[in-house]
Amino acid sequence: MLRIGLLYPDLLGTYGDGGNARILAHRARARGIDLELVETRVGDSVGRADLYLLGGGEDGPQRLARDLLAQQYFASRVADGASVFAVCAGLQILGTSFAVEGNDTHPGLGIVEAVSVRGTKRSVGDMATRVGEHVLVGFENHGGVTTLGQGVSPLGTVVRGRGNDGAVDGYRVGRIWATYAHGPALALNPWLADELLASATGQTLAPLVSVADELHRERLRSLGL
Amino acid sequence: MERRTAVRAALAITAARLVNWLSRRTGRGSGTVAGGRVGLRLAPQLLSTLAHGRDVILVTGTNGKTTTSALVREGWGRAVAANATGANMPAGHVAALIDSSSNAVVLETDEAWLAMVIDQTAPRVIVLLNLSRDQLDRASEVRQLAERWRGALAKANGCTVVANASDPLVAYAAELAPTVTWVQVPSVWQLDAQSCPHCTSPLRFDGTWSCECGFREPTATVRSEGTRAWFGEDATELTLAIPGAFNFVNATFALVALEVVGVPRSGASARLASLMSVQGRYGRRQWRGRELRLLLAKNPAGVAALLAPGADLDDEVWVAINAQIADGKDPSWLYDAPFEQLKGHQVMCLGERRLDLATRLEADGVTATVVDDVEVLALGQSPVTLIANYTAFRYWLGESTPC
C-alpha cells in the first residue's frame, strides 16, 4: 500500500497544487499499485506516508504551515526515508529560512540548507528546467530568490524563467525534490511523477501512455524547446 | 465646476463620441473602450464629471458581476446607463456615461479598479459579491485585493455597501465601511478563505463561519435561500429565465441594491424574470446546425457554480480553455475546479489548453475527447452545453448566432 500525504491543502493550495496528488494517484492506480491518499488539514496531525506533497501559498498560510509542521514528526519521517515533492512555498518551508510579510525572516524546517529571501521583482510566467535527460516545464509566480548551501544540488539548470536565481531551479537532496514550478507540475511532467512514484514504491514502473505525454511535448514546443 | 474644467470635459466628451463613432463605423471595435480612453486622456477627471449627481450602483466581485449588473439594469424599470459590454474599467465606465445621460447608472467594476472608481463616481451603492482566486498570474493575490478594498471602503461615506456576509474575505473588506447591508448566501466555495483574514488562524465553518480571534460572520439582514430572497421575515419568491442556482444569489444582491436607490422590491423582482441572456450567455445559440448554450466560467468558483448539483447540463458538454493574457496565462486553476463532476457526460476538450484539460479529466476518469479540429463537431446532432473561459467564450460567441 502506497501512502501519499498531501500536506495542508487548505493552506498551501493557491495554484491547483492538489493536482499533483490526483496525477500521482491516477498514474499509480493505472499500474495496479494500491494507493491511499492522506490529506492533512489544519488541526489534523501529520499521518505516516511514503511520499509527501507540499504546495504553494501566500505568506500568512506559508508561515502557519511551517509552524504546524515544526511541531510534529515530519522532519523525522523525512529522515527515515519518506519521499517529498515540494513546490514554491513548499520549497522554501523545507529550507533554512524564508521572507514573509514585508521583509521579516521566518525560520524554515531546516531539512535542506536553502535560504530564501525576497527578490527585487516577481517572476511570473512559463519556466523550464533541464533535469538530466528530461526537461521540467511549468509556470512560476513568486518573488523569492533561493540560495542553496554548499553541497546541496539544484534540481536542474534553468532554460526558461527564473527558478531559484535565474541559473538553477529547486533542489534535489536524497528523496526530496523541490521546484519553483508551481501548481500541478506533475500533470505537465509525467516523467517526474513516475520518478517520484518509483522512489516512493522502490519499484520499476511499467511505461504508461497518457494524454499527459502529449501535453508535455506541446508545452516544450510552445517554449521553443 | 470651474470654467476651464467644464470646457475641457466638454471637449473630451466630444472627442470620445467621435472616436466611438469612428470605431463602430469602421468596424474596428464595438466603440466603447477606445473613446473612453481618449476622453480620459484629454480630461483625467472625466469619470467624476460624468457621474456627478447621478445614482450610481457599482457591482464588483470575482464572479457574477456582469450578470448581477444586467439584473440591476433589468430590475430598475427605466433607462439605465450601463457598461453592458463588460468593459469594466474606467474607460468603459466613461463610454457608458457618455452613451446615456440617464440618472440611473449601474457600473460593473473590475476588482482591481474598485478604489479608484469609488473615488471618481461617488456611488450610492457598492455591491460586493464575492472574492476568490482569478488570474493570479496577473492580478494581486486575493488577500492583497481584500486589503485594498478594505482601505477604500473604510472611507466610503454617503453610500451603502451591500456585502456578502458568507464570504470571509468580503466580510473583512467591508468590515470598516460606514454603512453595510449584509447578505447571507449559500456558499459552494470556501477554498480561498480557510484561514482568517485577520490572524491567519483556521476558520471554523458550521452554518456560519468564525475564528478564535473573534472575527466572525456578520449578522445578515438579507438572506438568499434557494429561489427565495428573505428580507428579515419577509420573503420574495424569485422567478428567473436564466439558469443556475447562483443566479438567485445574484438576483438577491440586485434587489437589495435597487431598494437602496428607491426601486420597490415587488416591481423589481417581477422585471428580473424578463432577462433571458447576458452578453450571449445562457441563451440557446446556433453553430453549423448545432444548438449550443454558452456558459462562461473563468475560475474555480465559477466552474463550481456551473457544475453544482442540479445544474442543467446537456449530455454533450464542450469545454474550451484558453490561456491568453485576458484569461490568465496559467491554467493551473483547472485543478481547483470540480471538473470531475462532468463524469457521465460526453466531454469534448477545446481551446489552446485542451491538453491541460484532457490530462486533468483523464486523472479523474472522466471520458473526454481532445478535439484538434472543431469542424468535426459539426457532424453531431444533439444539443450542447459549452463551458468556456474568457477568450474562448469570445471566440464561440463570435462563431455562433442566436437561435
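I count two strands as paired if DSSP finds at least two bridges between them, and I kept that rule beside me while reading this predicted model.

**Entry 1: chain B as a whole**

I began with the overall make-up, and found that chain B has 13 helices and 18 strands. Its C-alpha trace spans about 65 × 60 × 40 Å along the principal axes. I then asked what radius of gyration a compact globule of 403 residues would have, and how chain B stands beside it. The expected value is near 22 Å and chain B has 21 Å, which agrees.

**Entry 2: strand β12 of chain B and its two partners**

I looked up β12(B), residues 284-287, and found that 4 bridges join this strand to β13(B), residues 290-296, with the two running antiparallel. β12(B) and β13(B) form a hairpin with 2 residues between them, and in the turn B:R288 has a positive phi of about 45°. The other partner I noted is β18(B), residues 401-402, which pairs with β12(B) in the antiparallel sense over 2 bridges. Which residues are the bridge partners of B:Q286 in β13(B) and in β18(B)? In β13(B) the partner is B:E291, and in β18(B) the partner is B:T401.

**Entry 3: the sheet around the hairpin**

Following β13(B) onward, I found 5 bridges that join this strand to β17(B), residues 384-388, and here the strands run parallel. Within β17(B), the residue opposite B:L296 is B:A388. I then traced the sheet across chain B, and read an open arrangement of 7 strands in the order β16-β15-β14-β17-β13-β12-β18, with mixed pairing. Its edge strands are β16(B), residues 368-370, and β18(B), each of which pairs on one side only.

**Entry 4: a helix of chain A against a helix of chain B**

I turned last to a packing of helices from two chains, and noted that α7(A), residues 211-222, and α12(B), residues 354-363, pack at an angle of about 155° with their axes 9 Å apart. Angles over 145 degrees count as roughly antiparallel, so α7(A) is roughly antiparallel to α12(B). The crossing in which α7(A) passes α12(B) is left-handed. Which residues make the contact between α7(A) and α12(B)? From α7(A) I listed A:V211, A:A212, A:E214, A:L215 and A:E218, and from α12(B) I listed B:L355, B:D356, B:A358, B:T359 and B:E362. Sorted by kind, the residues of this contact divide into 5 nonpolar, 1 polar and 4 charged.

Technical notes: Residues are numbered from 1 along each chain as its sequence is written. Chains are lettered from A and ligands numbered from 1 in the order in which they are written. This is a predicted model: local features need pLDDT of at least 70, side-chain atom pairs count only at pLDDT 80 or more; totals for chains, interfaces and linings use all residues. Axes are lines fitted to C-alpha atoms, for helices over the stretch in contact, and angles run from 0 to 180 degrees between N-to-C directions. Angles under 35 degrees count as roughly parallel, over 145 as roughly antiparallel, 65 to 115 as roughly perpendicular and the rest as oblique. A crossing is left-handed if the near helix is turned anticlockwise from the far one by less than a right angle, and right-handed if clockwise. Two residues are in contact if their C-beta atoms, placed from the backbone, lie within 7 Å. Ala, Val, Leu, Ile, Met, Phe, Trp, Tyr, Cys and Pro count as nonpolar, Asp, Glu, Lys and Arg as charged, and the others, Gly among them, as polar. The radius of gyration is taken over C-alpha atoms; the globule rule is 2.2 Å times the number of residues to the power 0.38.
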